Amino acid sequence: MESETQPQDPMKKNESDQKVESEAQPQVEDLEKKKKKEEKAREKEAKKLKAAKKAEAAKLQAQRPSNTSKMGKRKNLKNDVGEEDPEDYVDPETPFGEKKHLSQQMAKQFNPNAVEKSWYAWWEKSGFFVANSCSSKPPFVIVLPPPNVTGALHIGHALTSAIQDTIIRWRRMSGYNTLWVPGMDHAGIATQVVVEKKIMRERKLTRHDVGRERFVSEVWDWKNEYGGTILKQLRRLGSSLDWSRECFTMDDKRIKAVIEAFVMLYKEGLIYRDLRLVNWDCILRTAISDIEVDYLDIKERTPLKVPGYEKPVEFGVLTSFAYPLEGGLGEIVVATTRVETMLGDTAIAIHPDDPRYSHLHGKFAIHPFNGRKLPIVCDAILVDRTFGTGAVKITPAHDPNDFEVGKRHNLDFINIFTDDGKINSNGSAEFAGMLRFTAREAVTAALQRKGLYRGAKNNEMRLGICSRSNDVVEPLIKPQWYVNCNSMAKQALDAVFDEENRKMEIIPRQYTAEWKRWLENIRDWCISRQLWWGHQIPAWYVTLKDDELKELGAYNDHWVVARNEEEARTEAKQIFAGKEFQISQDPDVLDTWFSAGLFPLSVLGWPDDTDDLKAFYPTSVLETGHDIIFFWVARMVMLGIKLGGDVPFRKVYLHPMIRDAHGRKMSKSLGNVIDPLEVINGIALEGLQKRLEEGNLDPTELEIAKDGQRKDFPNGIPECGVDALRFALVSYTAQSDKINLDIQRVVGYRQWCNKLWNAVRFAMSKLGDDYTPPTSIVPDVMPFSCRWILSVLNKAISKTVSSLDSYEFSAAASAVYSWWQFQLCDVFVEAVKPYFASDGPKFASTRGFAQDTLWVCLDNGLRLLHPFMPFVTEELWQRLPSSRDCARKESIMICEYPSVVECWTNDRIEYEMDMVESAVKTLRSLRSLMPAKERHERRAAFALCRTDAVIEIVKSHELEISTLATLSSLKVLTENDAAPAGCAISVVNESLSVYLKLRGTLNAEAERVKLQKKMEEMQKQRDNLTKMMDASGYREKIPAHIHEENVAKLSTLMQELLSFEEASQHLEREIAAEASANDN
């Protein structure tokens, strides 16, 4: 295809017409238009100058002596006839939002940067992405998982976008009223951290120095200036989102939804306030969710950097110390990895059946630093008497297990830490004000001075680290707001598992087990955060004039929940009638996951009964990563059922997590993080390394990361474009758990785009300027190749649609790819070339049929591929000639998706082409064994056919076999004919063998050895199959259809062995003839 000479584009002949039209327009233009026109003229002049220089250089090159190839001569001849204008191959500038202005001639190679320009702005401006809530079409709705306002595009976002846009574009083309809603999450902690760092960097101030009101104002300023970069980047990926419905989790409508949800759940008794342990971040001074805690497995004594500490802090150390017993009864030894928490100990637990401590039941130990009496409690649930000393220190306010012990035994809960991680006055005056890990060393030293220290040893442990601040998470007892999830979790479970009334499907099915595990073991959800950026909790604390304790939250029954302060004051007056009071709103904000959990409802206008809510809820599918199945998906389902009356989506598709090509998690410290924009645009190794240097890696990590990049990307990352990246990511989804992303696969699809490009260039050159597409196709009157490509196109359409419908995206991509690559380009395009070799009458009618079939294939094939590769398919489709009898759609994206045309399917034709392809493949294999310089010569071939049916097929399709196998001739032989001499031989199947004429002497002995090896392999298969079928109980155990298949397989093997034996005998005769010739 690449060698085909290209005719002038039909667009070129209209150039003069366009010029006349433009001159007929009014001449009066404003200054700005004139300026733009002058700039364009200068650009055009510069391009012409560049082209002239290029032509001059080519001229000089042509004057040099060289061994000119035939192809070169053809090109020179073409240049003599008429010089090409390089400008004809360059797309003119397209004003933003206008339909792309295409070059007069198709560029000779695919260039992703040139192809992907301008289309998206035109799609968006044309309103192709906008859904209509009044449409009569069936709705199909996806809500984009809202990326963080702080975020930049990463490869996970690219995967999400590629999958969702593929679904949406397919459904849009299939006649659905598609809505894909974009949104952005305010990302409470992440955004607050970014702005806090900015203020510290620029003004050396903390948020507390600035004050809450001013700080929140500065966050809004930052959000408006820098936030939302990722939504702009999603446009670069071709994401056909309905931007008219773009929303933000803290815009006015979403604030209203959050407040309404909180009030409704509170009034139903599902939201309450309680004093419990939370994951506390001492740097951020807030509770954090489980998903924001990363766990580090420590095997032994390990020093780690902790924010706020100059020296590394040791972890993985188990410290033992003794508590003196009351009444001179001796001591009891306990051990801990957090010795500083002993300042908050309120008991010591033992097993009730441990004989070593039976005399201590009901006794007390004495705290060495504050004299507090610590009861010795019996607890069979917590204590393992075989572990350590069998005695456990209990700190109810700072350990989850101890918290439960404290509740079981009614112990004191003593908090010894301030919010910023220092020892408070409860921790004794000796240590008050110390940072917690500084106090760790101080407490150890003090125990040694008191003679109570009993040693330390290595200890395996899991350390919780906040993913936002890198601080070590501290369990802390705090009053917080909680959602009681029990009843809602039951509804979410039933939505998936109720066989009679299943409302939701999880894909892949394997994740239903995880859904069950999470929801059956659900705990109440802590929804309050001690941040300033977020939805402030709509709860007001009422402080009565005669209250003894005045601090906020001192009395748990003094809270009122309302939609605004006026409503809160009214409710407080009713509850505390006749009493003087003041109210103040809870300063805490809601967990970001709370507003995210409402997203499918709030984006459609809930709590108002909007047209969008009525038309589009429940949504059709949620597509997201499997890592947030509980933190987000389950909470959306619980809140959707509770507040919206139904599940928020009918299906959940959970995509795999992306790893690098070696299966490692992507990490900045490994240097294996892949930026999708760098894959799209390309980047040199130097650019990759510079990005690392601009990060915050320490020198050792930096060198490791650079070394990793040098190994994985020695030449950087070539420009791949959006379409290739999207197609690669979608193709990878067959790996349901993890994707090991190899950039070379993306590069491969970039090269495949060039194959598509050339297929269309070939077709355009063969269709000609005046070609008009057919209004209908009648396969029965068409040539064999045309009927075959239409039949297999039908199968590709069927497979693609069924795979998309079942969320098997990799299978869908594979079906489209295989048809384009292996059937259209590799077979059909090559098979029809003889029809266009000359203008003679021999192929006049077949040439017309081939043109029609080419057009139908490209039109259907591009529409079939469009959801996966939107840019290149739009550009190529726009270049296809359109039928004059019906109005053409403006864009491929609003065309109908291909559907199966029953009359195209022809199993007999496909069977015959399979035979043709098998013969061609075998002949090509024989050709590949020849010396390199002989491989491209046309040669005579012979087909030995053993049945009348095969004779008919081969004779009927001699042209296709000769064309595809590059033969000079093909002669059909029967078993009665003498085998041709001087040929290489190979068996195609039990009914067909092929011979390829050799130019030199046949190495018959070498050929015989090859055949012998193949025969041995087949004999082994035959023997194994015979043994299995002769085994005892075979007929009883094996289903009838499997037995029939095995019988047929055995029969085929026997026939093929006979064919191989015949071929071997032929070679024996060749060897004998050769020996005889040598003797003479």
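Me: What share of contacts in the protein chain between residues at least 6 apart in sequence join residues at least 24 apart?
Reply: This is a predicted model, in which local features need pLDDT of at least 70, side-chain atom pairs count only at pLDDT 80 or more, and totals for chains, interfaces and linings use all residues. Residues are numbered from 1 along each chain as its sequence is written, and side-chain values use heavy atoms, with hydrogens and water left out. A contact means heavy atoms within 4.5 Å. Counted this way, the share is 76%.

Me: Which helix gives the largest share of the largest nonpolar core?
Reply: A nonpolar core is a set of buried (under 20% relative accessible area, 1.4 Å probe, protein chains only) Ala, Val, Leu, Ile, Met, Phe, Trp, Tyr and Cys residues joined through side-chain atoms within 4.5 Å. The largest one has 160 residues, and Trp-820 and Phe-868 have the most contacts inside it. Helices here are DSSP runs of H or I with at least four residues, numbered from the N terminus. The largest share, 14 residues, comes from residues 743-767, helix H25.

Me: Which strands stand at the edges of the open sheet that contains S30 and S33?
Reply: Strands are DSSP runs of E with at least two residues, and two of them pair if DSSP finds at least two bridges between them. Four strands form this sheet in the order S31-S30-S33-S32, with mixed pairing. Each edge strand has a single partner, so one side of each is left without a neighbour in the sheet; these are S31 (967-973) and S32 (983-989).

Key: Buried < 20%, exposed > 50% of the residue type's maximum accessible area, 1.4 Å probe, protein only.
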